[in-house]
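Me: Got a minute to go through this one with me? I'd like to start with the basics.

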Amino acid sequence: MATASIWSKEKMEAAAPLSPVPAGKSVLIKIRDLHKRFGSRHILRGINVDVYKGETLVILGGSGSGKTTLLRHLMGMLRSDEGSVTVETLNLNTASRADMETYRKRMGVVFQGAALLNSLTVLENVGLPLVEVERLARSEVRERVIEALRKVYLPAEEILSLKPASLSGGMRKRVGIARAIIQKPEIILYDEPTTGLDPVTVNGVNELTLELQSTLGVTSLVITHDLEAAFKIADRIAMLYLGRIIAIGTKDEIKANQNPVLQQLLTGSTHGPLTEGYVTKPDARSGTASYAKPSSTKPSTTTPSTTTPKEG
Amino acid sequence: MAESYRKKTTQMIERLDPSPAVAVVEDIGRALVAKASVAGRATLLFVDACSHLRMVGRGLPTLVRQVEIAGFGSLMVLALIAGLTGMIMAVQTGKALEDYGQVGLLGGIIGATFCREMGPIWAAVIILARVGASQAAEIGTMVVNEEIDALRSMSINPVRFLVMPRILALVISMPILTAVADWIGMFGGATIASVTFHESFSSFMTSAQHGLTGFDFFSGLVKSVVFACIIGTIACDRGLNTTDGAEGVGRATTQSVVLNIIFVLLADLLMTSFIQLWL
């Protein structure tokens with residue numbers, strides 16, 4: 001008979017322990033005990049994670065799990081209430097404005113909707129950091145923009161003078177990636193890079209992410225809920241749930257993890273703690289945890305002592 | 001027992017429930033605090049924008065585009081409104097003056113009214129409705145589309161890149177628009193004076209010259225510069241503080257227009273009082 005394991009609320013939501021840094025790897029981004037509250041809402045509840053230099057770490061999580069809040073901390077746009085985000089030796093919580101400017105030059109961000117400035121052309125959008133921050137000459141900006149657009153397989157000469165509204169969703173996303181890589185960053189942060197795109201374009205964006213990592217050697221942190229994309233591009237995957245990293249590891253380690261929250265996200269099942277928020281005693285016959293809706297027609301499987309409502 | 005408890009609780013709640021008069025005072029107080037907080041935040045934004053003025057050269061293309069939108073784009077509608085207002089004023093005032101045989105004063109009255117008050121106020125109203133609202137909506141949409149976040153992530157300060165050129169464009173455009181409104185208003189008045197009251201164009205202008213001083217004209221231009229700062233700052237502040245998606249953009253636009261009307265008129269009252277009573 002299989003060993004039954006009861007996944008209580010506490011166990012499901014418990015933070016995964018930090019694993020030791022593997023030999024040959026070095027930590028580029030170190031997040032420790034990160035907490036963030038917005039009024040009475042406690043969004044991040046103690047995030048602990050290391051991002052290794054040159055890897056692609058994918059952070060999976062459902063809506064409202066705190067993915068975007070975490071990303072905004074890494075972009076240096078939010079300061080944590082407790083804990084720290086450190087990039088090499090730079091603590092983003094206490095960094096000066098000058099240090100942040102230097103850090104942001106090392107970092108590129110790919111936004112969910114590309115976040116291109118609608119009043120500017122593709123040339124102006126992609127070249128914006130070169131003109132505004134690096135203050136390069138126009139001819140050099142044009143050259144670098146064309147180079148960046150070609151890297152993301154866009155017909156540079158044809159689209160340079162177009163405004164973002166004239167581009168398709170996939171092209172806009174690629175232009176967004178071109179803007180993110182134009183300053184040759186060491187770190188690229190992706191916010192839902194494949195959301196809202198057709199399958200062919202999704203594959204294209206995934207391949208591009210892999211290629212950028214191999215050719216530019218960048219460290220990538222990808223926030224997504226797209227499982228297929230996650231398993232295609234990730235070196236490691238972390239699962240964010242209710243403001244904590246509840247599982248982190250290689251693709252195989254994540255697949256083998258029995259946490260019901262993670263399993264529900266991986267299988268896409270409509271039954272489980274993510275949707276129902278109730279966990280019951282393990283099923284006596286199968287030896288696995290079983291779930292029941294609050295209005296279940298089988299009340300016998302749910303006992304008051306083990307039924308725990310999910311928060312939020 | 002339970003009934004008595006329920007009764008006591010209901011009585012306590014009734015005692016806590018404020019009377020309608022108290023509720024009205026509370027609402028007014030809350031609205032005043034909200035307006036004061038907007039004014040405080042906008043002042044900080046204005047100071048921040050001014051601190052980037054030395055980098056105006058880097059925002060030159062945006063500045064030129066904004067001057068074009070604010071200045072040239074508003075010229076025709078402002079000219080029309082100023083001209084019509086000048087005509088209406090001439091009809092109303094001219095009729096009253098005719099009864100006393102004082103039509104010759106019409107030029108001075110219309111000239112002074114336009115240069116001191118109507119010119120800057122009409123320019124402000126047109127700009128806050130046409131340009132201020134559009135700036136709040138544009139920046140609000142940029143907030144919703146994460147464009148402001150994208151700028152910050154590239155180490156581009158949105159206040160320097162977006163707010164400063166917009167305020168500066170209004171500061172450049174508004175005095176020009178005010179001067180145009182002054183002249184077209186007077187021209188409208190002169191036309192009615194000539195057609196209806198048989199007052200020649202030259203005598204209307206001579207009357208205007210007598211009734212006006214350079215200070216009247218100059219004080220109107222100073223007012224217009226202050227109005228430009230208020231309109232640009234509040235519009236950008238409302239845009240930057242947009243939340244809740246498309247609905248929030250609509251709200252920011254409405255707030256920009258309403259707050260601008262309030263603060264422009266308030267500033268006008270303060271400046272007019274200062275100019276008339278102390279200078």
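Chain A and its partner

Reply: Sure: chain A has eleven helices and ten strands (DSSP runs numbered from the N terminus, helices being H or I with at least four residues and strands E with at least two). The model is predicted, so local features need pLDDT of at least 70 and side-chain atom pairs 80 or more, while totals for chains, interfaces and linings use all residues. Residues are numbered from 1 along each chain as its sequence is written, with chains lettered from A and ligands numbered from 1 in the order written.

Me: How many residues of chain A touch chain B?

Reply: 14 residues of chain A contact twelve of chain B (C-beta atoms, placed from the backbone, within 7 Å). Helices α3 (97-105) and α4 (122-132) of chain A each supply at least two residues of that side.

Me: OK, switching to strands. What does β4 of chain A pair with?

Reply: β4(A) pairs antiparallel with β5 (residues 90-91) of chain A over two bridges (pairing takes at least two DSSP bridges). Val87(A) has Leu90(A) in β5(A) as its bridge partner. Five bridges also join β4 (residues 82-87) of chain A to β1 (residues 27-38) of chain A, again antiparallel.

Me: And which residue in the β4(A)-β5(A) hairpin takes a positive phi?

Reply: Glu88(A), near 55°; that hairpin has two residues between the strands.

Me: Last one: what does Leu189(A) touch?

Reply: Leaving out residues up to four places away in sequence, Leu189(A) touches Leu71(A), Leu74(A), Met75(A), Met107(A), Val109(A) and Leu221(A).

Conventions
Contact = placed C-beta atoms within 7 Å.
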